[in-house]
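User: I am new to this structure and would be grateful for a close look at a single part of it, the sheet and the residues packed around it. Please treat the subject as one connected account.

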Amino acid sequence: MGDGEANGHGTIKNGTEPQYNYYMNNKLTDILDLISSGEFDKDITLLSNAIIARRDSLNYQMLNTIRPGDTIMFNGKCSPKYLRGVKATVKGFGRNRIIVDLAQPIGRFSRNVKVPLGIYTKVG
């Protein structure tokens, strides 16, 4: 492998900028193309269940890192959109949700807001 050639893991051997995103985006595109073409129709339920299980696992991992007093920020998956980027303080937990207080009321939201998993990022 010469200087600057890909090493097969999505990075450049000489330490230049990683090519991981390009590598993964191409693999993802291939997978999505196969799904769209019907290649996995017989296993579509299995694929769907695996994706849901993985998303749940990631959400619960995130939930396990949150503690009362932490600061979260609503991400791009949040609705209504005017809450995106707004910060809030974690007060407690509900079933599969965190309960937060916003620093200032926004719209109909202020205190004891029940926030579903996956629509926030921990920032402090």
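Analyst: Helices and strands are here taken as DSSP runs, with at least four residues for a helix and at least two for a strand, numbered from the N terminus. On that basis the chain has 2 helices and 5 strands. Read from the N terminus, the order of these elements is α-α-β-β-β-β-β. The model is a predicted one. Its average pLDDT is 81, and 81% of the residues reach a score of at least 70. Residues 1-17 remain under 50 in pLDDT, and the model gives this stretch 20 contacts beyond four places in sequence. Of the 124 residues in the chain, 23% are buried. Among contacts between residues at least 6 apart in sequence, 36% link residues at least 24 apart.

The sheet itself comes next. It is an open sheet of 5 strands, ordered 4-3-2-1-5 and paired in the antiparallel sense. Strand 4 and strand 5 (120-122) occupy the edges; each has a single partner strand, so one side of each lacks a neighbour in the sheet. With direction ignored, neighbouring strands of the sheet are turned against each other by 45 degrees on average. As a general matter, strands of a sheet pair through backbone hydrogen bonds, in either a parallel or an antiparallel manner.

Strand 3 deserves particular attention. Of its 6 residues, 5 are buried, and the strand is therefore mostly covered, given that buried means under 20% relative accessible area. Strand 3 is joined to strand 2 by 6 bridges in the antiparallel sense, and to strand 4, also antiparallel, by 4 bridges. Individual pairs illustrate these links. On the side of strand 2, Gly-92 stands opposite Ile-99 of strand 3. On the side of strand 4, Ile-98 faces Val-115 as its opposite residue, while Arg-97 has Pro-116 as its bridge partner. The hairpin formed by strand 2 and strand 3 has 2 residues between the strands, and Asn-96 adopts a positive phi near 60 degrees there.

Strand 3 also contributes to the packing of nonpolar residues. The largest nonpolar core has 18 residues, of which Ile-72, Phe-74, Ile-98, Val-100, Leu-102, Val-115 and Tyr-120 touch the most other members. Strand 1 (71-74), strand 2 (87-94), strand 3 and strand 4 (113-116) are the elements that each supply two or more residues to this core. The largest share, 3 residues, is that of strand 3. Ile-72 shows how far such contacts extend along the sequence: beyond four places away, its partners include Ile-66, Val-86, Ala-88, Val-90, Ile-98, Val-100, Tyr-120 and Val-123.

A polar residue is found within strand 3 as well. Asp-101 lies in this strand, which spans residues 97-102. Asp-101 has a relative accessible area of 8%, and because the limit for a buried residue is under 20%, it counts as buried. A polar atom of the Asp-101 side chain lies 2.7 Å from the backbone nitrogen of Asn-112. Beyond four places away in sequence, Asp-101 touches Ala-88, Thr-89, Lys-91, Ser-110, Arg-111 and Asn-112.

At one edge of the sheet, Lys-122 belongs to strand 5. Its relative accessibility is 38%, for which reason Lys-122 is classed as partly exposed. Lys-122 and Thr-71 are 51 residues apart in sequence, yet their C-alpha atoms are 6.1 Å apart in space. Apart from residues up to four places away, Lys-122 is in contact with Thr-65, Ile-66, Asp-70, Thr-71 and Ile-72. A polar atom of the Lys-122 side chain is also placed 2.9 Å from the backbone oxygen of Thr-65.

The loop between strand 1 and strand 2 completes the account, and Asn-75 lies in it. Asn-75 counts as buried because its relative accessibility is 17%. Its side chain reaches the backbone nitrogen of Lys-77 at 2.9 Å. A polar atom of the Asn-75 side chain is 3.2 Å from the backbone oxygen of Gly-118. With residues up to four places away left aside, Asn-75 touches Arg-84, Gly-118, Ile-119, Tyr-120 and Thr-121. One of these partners, Tyr-120, is also among the core residues that touch the most other members.

Technical notes: Residues are numbered from 1 along each chain as its sequence is written. This is a predicted model: local features need pLDDT of at least 70, side-chain atom pairs count only at pLDDT 80 or more; totals for chains, interfaces and linings use all residues. Side-chain values use heavy atoms; hydrogens and water are left out. pLDDT is the predictor's confidence in each residue, from 0 to 100. Contact means heavy atoms within 4.5 Å. Buried means under 20% relative accessible area, exposed over 50%, partly exposed in between (1.4 Å probe, protein chains only). A polar contact is a pair of N or O atoms within 3.5 Å; within protein, one must be able to donate a hydrogen and the other to accept it, and residues adjacent in sequence count only if both atoms are side-chain atoms. A nonpolar core is a set of buried Ala, Val, Leu, Ile, Met, Phe, Trp, Tyr and Cys residues joined through side-chain atoms within 4.5 Å. Two strands pair if DSSP finds at least two bridges between them. Axes are lines fitted to C-alpha atoms, for helices over the stretch in contact, and angles run from 0 to 180 degrees between N-to-C directions.
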